[in-house]
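Work through the exercises below with the sequence and the model side by side, trying each task before reading its solution.

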Amino acid sequence: MPRVKFHTLTEQMFYILLCLKEECYGMDILDKVPEMTDGRVNVGSGTLYNLLEQFLEMKAIRETKVEGRRRSYIITEIGEEMLKREYDRLLAQAKDYEKRCF
């Protein structure tokens, strides 16, 4: 059965939304994600801008500034709900692991 779009988030999606809890430009996200994950997760520019467009369409984020080609974004309430749902899902997985392995 195919995955419902954005029902669960990829690591890149999760960290993009997490970055956007503070207003930032797309280029900032490219730097912030590897920094916050100690290099474990990277987002390519094509992936980033594709996901930003999809998040905009879903109203999970909104543009805050447009300066030529530079655009800044921030998460919306819809995006916050998506991020929280994914966080809760990850916690549930960790609890399942702990019950099974400890």
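**Exercise 1: a polar pair on a strand**

The side chains of Ser72 and Thr64 are joined by a polar contact of 2.6 Å, where a polar contact is a pair of N or O atoms within 3.5 Å, and within protein one must be able to donate a hydrogen and the other to accept it, while residues adjacent in sequence count only if both atoms are side-chain atoms. The model is a predicted one, in which local features need pLDDT of at least 70 and side-chain atom pairs count only at pLDDT 80 or more, whereas totals for chains, interfaces and linings use all residues. Residues are numbered from 1 along each chain as its sequence is written, and side-chain values use heavy atoms, with hydrogens and water left out.

Task: place Ser72 in its element and decide why it counts as buried or exposed.

Solution. Ser72 lies in strand β3, strands being DSSP runs of E with at least two residues and helices runs of H or I with at least four, numbered from the N terminus. Ser72 counts as buried because its relative accessibility is 1%, the class being under 20% relative accessible area, with exposed over 50% and partly exposed in between (1.4 Å probe, protein chains only). Beyond its neighbours within four places in sequence, Ser72 is in contact (heavy atoms within 4.5 Å) with residues including Glu23, Cys24, Tyr25 and Lys65.

**Exercise 2: the partners of β3**

Task: find which strands join β3 and how many bridges each makes.

Solution. Two strands pair if DSSP finds at least two bridges between them. Strand β1 (residues 24-25) runs antiparallel to β3 and is joined to it by two bridges, with Cys24 standing opposite Tyr73. Strand β2 (residues 61-67), also antiparallel to β3, is joined to it by six bridges, and Lys65 has Ser72 as its bridge partner. Next comes the turn: β2 and β3 form a hairpin with two residues between them, and Gly68 in that turn has a positive phi of about 65°.

**Exercise 3: the packing of α4**

Task: state what the buried residues of α4 pack against.

Solution. Helix α4 (residues 77-101) has 25 residues and reaches 36 Å from its first C-alpha to its last, close to the 36 Å expected at 1.5 Å a residue, a span taken as 1.5 Å times one less than the number of residues. Its buried residues are Gly79, Met82, Leu83 and Glu86, and these pack against α1 (11-19), α3 (45-58) and β3 (70-75).
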